[in-house]
Amino acid sequence: MKEQLSNLSAAQKRFLKAFDACGGNVSVACQKADIKSRTTYYRWLNNADFKEQVEGIEESFIDMAESQLRMAVSRGDMNAVFFLLKTKGKSRGYVEKTEHDVNVNPFQELMKEVE
């Protein structure tokens, strides 16, 4: 990890620190790190070491959000329970389905009535 950071410029390191502190908001991180344009950030993403650091920060933020969701479910927050079941419980049938009765061939329907 330190090796990856040593391959980064001082401006990139400043950005990554700000990016982590502001929860992954690119615009805010650019502003705090005195980066003039988001375009610079997108150009830096071509650097594999920089991109890996950005992805690590984003993953840690998602981990934190998942921890908060688990705590909300444990507290009995029904909105959190519904959300978790709709997203993580799909394989167990917790999905919202809309059933549509579509008659694509009226001739077939007519033939069924004649039989």
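The following paragraphs lead through this structure, which is a predicted model, from one helix to the core and then to the charged pairs, the cysteines and a few single residues.

A good starting point is helix α2. This helix has 12 residues, covering positions 10-21. From the first C-alpha to the last, α2 reaches 17 Å, close to the 16 Å expected at 1.5 Å a residue. Which residues of α2 are buried? They are Q12, F15, L16, A18 and F19. Seen down the axis of α2, these buried residues fall within an arc of 170 degrees, so they line one face of the helix. The general geometry of helices helps in reading this pattern. An α-helix has 3.6 residues a turn, so residues three or four places apart point the same way. On the other side of α2, the residues A10, K17 and A21 are exposed.

Two of the buried residues of α2 deserve a closer look. Q12 lies in helix α2 and has a relative accessible area of 7%, which is why it counts as buried; the cut-off for that term is under 20%. Leaving out residues up to four places away in sequence, Q12 touches W44, N47 and F50. For L16, with the same kind of neighbours set aside, the residues touched are L5, L8, F50, Q53, V54 and I57. F50 therefore appears in the list for Q12 and also in the list for L16.

The next topic is the nonpolar core. The largest such core has 15 residues, and those with the most contacts inside it are F15, L16, F19, Y41 and F50. Which elements give two or more residues to this core? They are α2 (10-21), α3 (26-32), α4 (38-44) and α5 (48-74). The largest share, four residues, comes from α2.

Helix α3 can be examined through V26, which has its place in that helix. V26 is buried, with a relative accessible area of 11%. Apart from neighbours within four places in sequence, V26 is in contact with F15, F19, R38 and Y41. A longer view along the chain is also possible: V26 and L85 are 59 residues apart in sequence, and their C-alpha atoms are separated by 31 Å.

Attention now turns to the charged side chains. How many salt bridges does a search of the whole structure find? It finds two. In one of them, the side chains of D34 and K36 meet, with a distance of 3.1 Å from N to O. Both D34 and K36 are exposed. In the other, K88 pairs with E66, the closest N and O atoms being 3.8 Å apart. This pair links distant parts of the chain, since K88 belongs to helix α6 (residues 78-88) and E66 to helix α5, 22 residues apart. K88 counts as exposed because its relative accessibility is 59%, whereas E66, at 28%, counts as partly exposed.

Helix α5 also contains R70. With a relative accessibility of 55%, R70 counts as exposed. The C-alpha atoms of R70 and V81 are separated by 8.9 Å, and the two residues are 11 places apart along the chain.

The cysteines raise a separate matter. A disulfide is a covalent bond between the sulfur atoms of two cysteines. The count of disulfides here comes to zero. Why is C22 not bonded to C30, which holds the closest cysteine sulfur? The two sulfur atoms are 9.0 Å apart, too far for a bond; the cut-off is 2.5 Å. C30 is likewise in no disulfide, its nearest cysteine sulfur being that of C22. C22 counts as partly exposed at 22% relative accessibility, while C30 is buried, with a relative accessible area of 4%.

Finally, the backbone may be considered. Most residues other than glycine have a negative phi, and most peptide bonds are trans. D34 has a positive phi of about 60 degrees although it is not a glycine. This residue lies in the loop between α3 and α4. D34 is exposed, with a relative accessible area of 52%, and is the residue that forms the salt bridge with K36. A positive phi is also found at G23, just after α2, where the value is about 75 degrees.

Technical notes:
Residues numbered from 1 in each chain as written. Predicted model: local features only at pLDDT ≥ 70, side-chain atom pairs only at ≥ 80, totals over all residues. Heavy atoms only, no water. Core = buried A, V, L, I, M, F, W, Y, C linked by side-chain atoms within 4.5 Å. Buried < 20%, exposed > 50% of the residue type's maximum accessible area, 1.4 Å probe, protein only. Contact = heavy atoms within 4.5 Å. Salt bridge = Lys/Arg side-chain N within 4 Å of Asp/Glu carboxyl O. Expected span 1.5 Å × (residues − 1). Arc of directions from axis to C-beta.
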